[in-house]
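Please examine the sequence and the model below before reading on. The paragraphs that follow lead through selected features of the fold.

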Amino acid sequence: MTRCVLAATAIIITFSWNSYADEALSEKLLKADPARLARDARQKGDAQRGALVFYKSAAACIKCHSAGKEPSPLGPNLADIGKDVTDEHIVESILRPSKVIGDKYQNTVVYLNSGKVLSGLFVEDRADAIVLFDTTDLKRSVISKDNIDEMEKSKKSLMPAGLAATLNNRREFLDLVRYVIEVSDHGPERAAQLKPPAEQLIVVDDSKNLDHAGILKSLGKADFEAGKRFYLGHCKNCHGVDGNTPTLPTARAFGNQKLKFGADPYKMFMTLTTGNGLMTPMKHLSPKERY
């Protein structure tokens, strides 16, 4: 009996620690000296492991950045940022993405006469219209100047703050920084060398043969609180603490915007399982934790 109680207590403590460990990691990294983190990345980081973080982690780097000869979806191509970029700047860019935003990647907010608000990357200024790259639908939009009431440059990066909270530990952060350093220093050839083999990038679908209805019926108050902790540890970085005031322009406001990939429990579960749009698969969570 005592052994069972101790085991149960250990499980609860472990679960609670894992729920908050990511947030503690992010806070520790933000308090650390960027120069020290950069030195540690050079000395202790592993670029091969960092490539897996870049391609497969919940930080979803590959969704916005390319690292090689292929075009970059939203952010800078890591192979093109150049040797002049310091290691410390790379650390700062990951931890504080809004501190310095390149003109090419600064989000433009457009207020229309109709009251609608659009945002995206500024592409072209024509005589009668502007062209924006819609960062939500990943396509260009032509907006007539007659329909525009006001425009402004956002001071917030498209890259959300707090991505370090999605990593498992400090080592993963150092590995990711070392990977970015390697690719920026040596270009597309090094990026190609470091790219993980296809079999390592396969997302295994663990949703088949699951008792989905059974999992849903089993969920109680404790699972609701666990889900809240997961949300605050990972999802708030893009969707906002309350889920209605996104910190990332491309993220949905759950309370007042239609979910693109379905709003019933199963479809939301599958979005978390396989990823979609700019969202990466949340495979670090078990099926029950995703529900």
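The account begins with one helix and its core, then turns to other helices and to individual residues. The model is predicted.

Helix 6, residues 170-194, offers a suitable point of entry. Although helix 6 comprises 25 residues, its end C-alpha atoms lie only 21 Å apart, short of the 36 Å that a straight helix would reach at 1.5 Å a residue. Where does helix 6 bend? A bend of about 140° is found at Gly187, and a proline, Pro188, follows within four residues. At its N-terminal end, helix 6 is capped by Asn169, a side-chain oxygen of which lies 3.3 Å from the backbone nitrogen of Arg171.

Helix 6 also figures in the largest nonpolar core, which holds 32 residues. Among these 32 residues, Phe54, Phe173, Val177, Tyr179 and Val183 touch the most other members. At least two residues of this core are supplied by each of helix 1 (2-31), helix 2 (34-44), helix 3 (47-56), helix 5 and helix 6. Which helix provides the largest share of the core? That share, 10 residues, comes from helix 6. Val177 can serve as an example of the packing: with residues up to four places away in sequence not counted, Val177 touches Ala41, Ile90, Val91 and Ile94.

Helix 2 contains Asp40. Is Asp40 buried or exposed? With a relative accessible area of 3%, Asp40 is under the 20% limit and therefore counts as buried. Its contacts, apart from residues up to four places away in sequence, are Gly45, Arg170 and Leu174.

Helix 3 is the next element to consider. A side-chain oxygen of Asp46, at the start of helix 3, reaches to within 2.9 Å of the backbone nitrogen of Gln48. The buried residues of helix 3 are Ala47, Gly50, Ala51, Val53, Phe54 and Tyr55. These buried residues pack against helix 4, helix 6 and helix 7. Phe54, named above among the core residues that touch the most other members, is thus also listed among the buried residues of helix 3.

Between helix 4 (61-64) and helix 5 (87-95) runs a loop that contains Ile81. Ile81 has a relative accessible area of 27% and is partly exposed. Leaving aside its neighbours within four places in sequence, Ile81 is in contact with Pro76, Val180 and Ser184. The C-alpha atoms of Ile81 and Pro197, which stand 116 residues apart along the chain, are separated by 24 Å.

Strand 1, residues 107-112, includes Asn107. This asparagine is buried, at a relative accessible area of 2%. What does the side chain of Asn107 reach? The partner is the backbone nitrogen of Gly120, at 3.2 Å.

A contrasting asparagine, Asn209, is located in the loop between helix 7 (198-201) and helix 8 (212-218). Asn209 is exposed, with a relative accessible area of 85%. Although Asn209 is not a glycine, its phi is positive, at about 60°.

Helix 10, residues 265-274, contains Thr271. The N-terminal end of helix 10 is capped by Asp264, with a side-chain oxygen 3.1 Å from the backbone nitrogen of Tyr266. Within helix 10, Phe269, Met270, Thr271, Leu272 and Thr273 are buried. The cover over these buried residues includes helix 8 and helix 11 (287-290). Just after helix 10, Gly275 adopts a positive phi of about 80°.

Thr271 itself has a relative accessible area of 13%. Because this value is under 20%, Thr271 counts as buried. Leaving aside neighbours within four places in sequence, Thr271 is in contact with Phe261, Asn276 and Met279. Thr271 and Glu189 are 82 residues apart in sequence, and their C-alpha atoms are 33 Å apart in space.

The cysteines remain to be described. How many disulfides does the model contain? With a cut-off of 2.5 Å between cysteine sulfur atoms, the count comes to 0. Cys64 is partly exposed at 22% relative accessibility, and Cys235 is likewise partly exposed, at 26%.

How values were computed:
Residues numbered from 1 in each chain as written. Predicted model: local features only at pLDDT ≥ 70, side-chain atom pairs only at ≥ 80, totals over all residues. Heavy atoms only, no water. Expected span 1.5 Å × (residues − 1). Bend = angle between axes of the 7 residues up to and from the residue. Polar contact = N/O pair within 3.5 Å; in protein donor to acceptor, adjacent residues only side chain to side chain. Buried < 20%, exposed > 50% of the residue type's maximum accessible area, 1.4 Å probe, protein only. Contact = heavy atoms within 4.5 Å. Core = buried A, V, L, I, M, F, W, Y, C linked by side-chain atoms within 4.5 Å.
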